Amino acid sequence: MPGEVKVSGKEVAKHNSRESCWIIVHDKVYDVTDFLDGMCSPVFYARNAEENLRASCKIILKYAGKDATQEYDPIHPPDAITTHLPREKHLGTVEPDTAEKIEVKITDLEKLRLERFSRRPPLSEVLNLHDFEAIAKLVMPEKAWAYYSSAADDEITNRENHAAYHRVWFRPRILVDVTKTATALGKLGHPDGELNLTRAAAKHGVIQMIPTLASCSFDELVDAAQPNQVQFLQLYVNKDREVTKRIVQHAEKRGIKGLFITVDAPQLGRREKSFIDPGLNWNDLDWFKSITNMPLILKGVQRWEDALKAYDLGLAGVVLSNHGGRQLDFARSGLEVLVEVVRKLGKRRGLKFPNEKFQLFVDGGVRRATDVIKAVALGATAVGIGRPFLYAFSGYGQEGVEHALQILKDEFEMNLRLIGATSIKDITRDMVDCSNLSSHVVAVPGDRLYNTNYESMQTARLKEIKAKL
């Protein structure tokens, strides 16, 4: 482009230390020295205790003065650095073929992983969502698996999200004509990242929630959507309100149908860089109403009092969620909170659910269509499914996601018939018994498939002592 500043790779190479750190991403040169000063200081570590921050800083220093694109791409959307780094730190374009690149060597462990990947079973042998997880664990890069599967502290909540569904039992109707049954379900793992989800969701009529921290850019995912395909945006609120305003208004212009504001992550556990505003509060919702006409939904509500307040403030709904067990351990499952919210809002505001004016969504722990049916019976508008689809595209790409959706649809149709419902609208509260849902120590049948995939957390161990001989 005319007037664009050109920077030689030789000049970039001089800035290869913490005191002066430049990197190259997609042929653009950036000064990330201030980022290192702020995010990689011992004081910041002590306050945030985030292992990934320390790892991120080591990676940045590893690529100081060099081309970092290959390391950057799998874990960031293409526009992440341009969005969050001040314009004055964008130094220009590197002169062609002058930048120093780090040679990436394939380790013996990576060769073994690629061998396992080549031995994946055909999709016809993948019979349920648990199977996708089992395969993904074997074929994904170790760091990617750790990120997708991990949760907070002792991972009690992560497991409880799934176990809660086992404390709800069906009460099927009989002698119902169910001949016709209508069904509807409300780049670490793969180079195409969330694009696999966009394309598969379009084919199966499923709503996609676009995350703030996707590995693809927002516009890539919207551009890949089909005409009239419904997409939502999950938003982490940036401390810089102008950045947030720009993201929200751009999303509205691109046709996003709902804004899901994450409210359960003032700090992202021990996993992400903390650009998120820890001061977000109820008063900020008026500001959101002033900058967009999109329906506003609070994501991460964990008690009925907050759901009631969201309703009274005129919001469109809430997602009853504990962030997949990744935030506060010993948070209750969204399913348990759902029962509480339906009961309390019914008593205090006379609401009946599902309710088009104030919608209740639930996520966390869903692995079967029966889980979806139970949530709908208890008042949910729709259920969110996350990790299983990540595992599906990590092992099989877009075809894996489509196969996972087809599995759920087949399960859904079969189980609607078995409980005596001809469509999702016929699922009612009297079809389930949830009397033991809040009894966290009640015995339930063990889920062998889930437990086989779950990797128990390890205690600290002594280093192995090698024999002298």
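In which kind of crossing, left-handed or right-handed, does α17 pass α18? In this predicted model, α17 passes α18 in a right-handed crossing. Helix α17 covers residues 369-377 and helix α18 covers residues 387-419. The two helices pack with their axes 8 Å apart, at an angle of about 55°. This angle makes α17 oblique to α18, because an angle of 35 to 65 degrees is neither roughly parallel nor roughly perpendicular.

The residues that bring these helices into contact can be named on each side. From α17 come A369, T370, V372 and I373. They meet L408, E411, F412, N415, L416 and I419 of α18.

The aromatic side chains offer a second way into the structure. A search of the whole structure finds seven aromatic pairs. One of them joins W145 and Y391, with 5.2 Å from centre to centre and 35° between the planes. This pair is tilted, because its angle lies between the limits of 30 degrees for stacked and 60 degrees for edge-to-face. W145 counts as buried at 7% relative accessibility, and Y391 is also buried, with a relative accessible area of 1%. Elsewhere, F232, F260 and F361 form one aromatic cluster.

Aromatic rings also meet charged side chains in this model. The charged end of R120 sits over the ring of F117, at 4.0 Å from the centre of that ring. In a further case, the ring of W287 has the charged end of R241 over it, 5.6 Å from the ring centre.

Note on methods: Residues numbered from 1 in each chain as written. Predicted model: local features only at pLDDT ≥ 70, side-chain atom pairs only at ≥ 80, totals over all residues. Heavy atoms only, no water. Phe/Tyr/Trp six-rings, centres within 6.5 Å; stacked < 30°, edge-to-face > 60°. Buried < 20%, exposed > 50% of the residue type's maximum accessible area, 1.4 Å probe, protein only. Lys NZ or Arg CZ within 6 Å of the ring centre and 35° of its normal. Axes fitted to C-alpha atoms, helices over the stretch in contact; angles between N-to-C directions. Helix = DSSP H or I, 4+ residues; strand = E, 2+ residues; numbered from the N terminus. Parallel < 35°, antiparallel > 145°, perpendicular 65-115°, else oblique. Left-handed = near helix turned anticlockwise from the far one by under 90°. Contact = heavy atoms within 4.5 Å.
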